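Hi everyone, thanks for coming. I'd like to walk you through one model today, so let's put it up on the screen.

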Number of protein chains: 2
Amino acid sequence: MSISTELSSPHNHTNCIATALNTATQLCFERGVQLTAIRQQVLELIWENHHAVKAYDLLERIKPLQSAAKPATIYRALDFLIAQGFIHRVESLNAFIGCCNLKTAHEQLLLICKQCNDVEERPANAVMQSLAQEFQNAGFTVHHQAIEIQGICATCSQLNKDEEIA
Amino acid sequence: MSISTELSSPHNHTNCIATALNTATQLCFERGVQLTAIRQQVLELIWENHHAVKAYDLLERIKPLQSAAKPATIYRALDFLIAQGFIHRVESLNAFIGCCNLKTAHEQLLLICKQCNDVEERPANAVMQSLAQEFQNAGFTVHHQAIEIQGICATCSQLNKDEEIA
DNA sequence: TTTCAGTTTGTTACAACATAACATATCAAT
DNA sequence: ATTGATATGTTATGTTGTAACAAACTGAAA
């Protein structure tokens with residue numbers, strides 16, 4: 001595992017992982033639910049970077065640790081992690097990412113870079129407010145929202161410009 | 001085919017279908033692309049109501065008309081219809097709906113009712129504007145956006161209230 | 001009218017994603 | 001020790017989607 005150069009904003013990813021795992025551990029304790037070995041391993045695998053991860057990739061990567069792992073093993077762990085809010089499902093990719101904002105926990109905007117595969121979560125408060133207004137106008141009661149934007153992130157855009165010049 | 005009572009706003013659905021097919025026919029002519037029999041039949045099947053339709057359901061329903069139909073038959077037609085903007089893929093359902101706003105053609109908000117399965121498209125201009133601002137803030141270049149909200153529509157909410165009282 | 005290129009469809013096979021159903025194991029509380 | 005709740009093992013299957021190549025169609029140029 002390396003500190004990727006692909007990340008949309010360069011950062012010490014070790015911190016991301018540590019924070020995510022510590023927070024998950026604490027929240028599980030508070031909620032009286034179990035962060036079992038399998039669940040924690042899946043969470044760690046998801047957090048290896050900021051890419052969206054496929055379920056069957058997780059399955060391959062967990063096999064060295066859990067030789068008995070089958071699809072259900074992964075999907076059950078994913079279900080748990082989603083229910084606890086530790087990860088998000090990216091609907092448009094059939095994939096999963098770690099949640100960067102465990103504490104604030106509001107629904108977020110996902111910016112998915114097709115070039116580097118990073119997914120950035122953004123609270124996007126202004127968007128969420130106008131959405132709330134729209135729901136009220138429509139008389140619509142929200143259970144779940146997925147706001148997924150595909151395109152090219154700022155970092156990749158800049159890289160592409162640099163390459164054009166060079 | 002009946003004029004459904006489930007629609008989020010009661011309407012003469014025959015008009016929806018006619019408008020969609022006429023507009024599609026005209027746009028294909030203008031663009032020099034072919035609205036073949038298969039493609040038109042798939043479009044008609046999708047437009048039978050305002051529900052999101054699954055690819056394999058379309059496959060079953062087109063077989064009386066196209067006995068040779070296979071998955072690829074449907075997915076090719078769907079790819080074409082999406083490329084022309086006549087239908088949308090609903091990412092969070094792995095399903096497809098007819099586009100209600102062929103002319104204006106901007107990306108829209110999808111309100112997906114889990115009770116009646118209707119999907120309502122809304123231009124939601126205020127939301128789109130704050131989204132655009134967010135993309136600018138992030139330096140993100142958008143290629144495709146999916147804004148999919150699951151919940152209970154106004155009609156079903158009202159029905160549920162009425163049932164509680166009765 | 002032939003021929004040629006581009007497009008569409010037929011066909012087979014398979015890849016990728018996800019769940020059902022039932023058995024087994026673990027573990028804390030009674 | 002028994003029980004109930006939770007978690008995992010295991011097998012099978014269901015669902016969604018694509019690759020690859022062959023055949024047919026279409027329209028325009030030679």
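Before we start, one term: a polar contact is a pair of N or O atoms within 3.5 Å. And keep in mind that what you see is a predicted model.

Okay, let's look at DNA strand D. In the side chain of Arg76(A), an N or O atom is 2.4 Å from a base oxygen of the strand. Over on the other chain, Arg89(B) has a polar side-chain atom 2.7 Å from a phosphate oxygen of DNA strand D. Then there's Gln34(A), with a polar side-chain atom 3.5 Å from a sugar or linking oxygen of DNA strand D. There are 16 residues around this strand, and Arg76(A) and Arg89(B) are among those that come nearest. As for classes, the surface near DNA strand D has 6 nonpolar, 4 polar and 6 charged residues.

Now, how do the two protein chains meet? Chain A and chain B each put 35 residues into the contact. The area buried between them is about 2800 Å², and carbon and sulfur atoms give 62% of that. On the chain B side, Glu134(B), Phe140(B) and Ile149(B) lose the most area to chain A.

Glu134(B) comes back here: Arg122(A) forms a salt bridge with Glu134(B), with the closest N and O atoms 2.6 Å apart. Across the interface there are 2 salt bridges and 15 residue pairs in polar contact. Which strand gives the most to chain B's side? That's β5(B), with 12 residues.

Last stop: β5 of chain A pairs with β5(B) in the antiparallel sense, over 11 bridges. You can find Ile152(A) standing opposite Thr141(B) there.

Conventions
Residues are numbered from 1 along each chain as its sequence is written. Chains are lettered from A and ligands numbered from 1 in the order in which they are written. This is a predicted model: local features need pLDDT of at least 70, side-chain atom pairs count only at pLDDT 80 or more; totals for chains, interfaces and linings use all residues. Side-chain values use heavy atoms; hydrogens and water are left out. A residue is near a molecule or strand if one of its heavy atoms lies within 4 Å of it. A polar contact is a pair of N or O atoms within 3.5 Å; within protein, one must be able to donate a hydrogen and the other to accept it, and residues adjacent in sequence count only if both atoms are side-chain atoms. Ala, Val, Leu, Ile, Met, Phe, Trp, Tyr, Cys and Pro count as nonpolar, Asp, Glu, Lys and Arg as charged, and the others, Gly among them, as polar. Contact means heavy atoms within 4.5 Å. Buried area is the accessible area (1.4 Å probe) that two parts lose on being put together, summed over both. A salt bridge is a side-chain nitrogen of Lys or Arg within 4 Å of a carboxyl oxygen of Asp or Glu. Helices (H or I, at least four residues) and strands (E, at least two) are DSSP runs, numbered from the N terminus. Two strands pair if DSSP finds at least two bridges between them.
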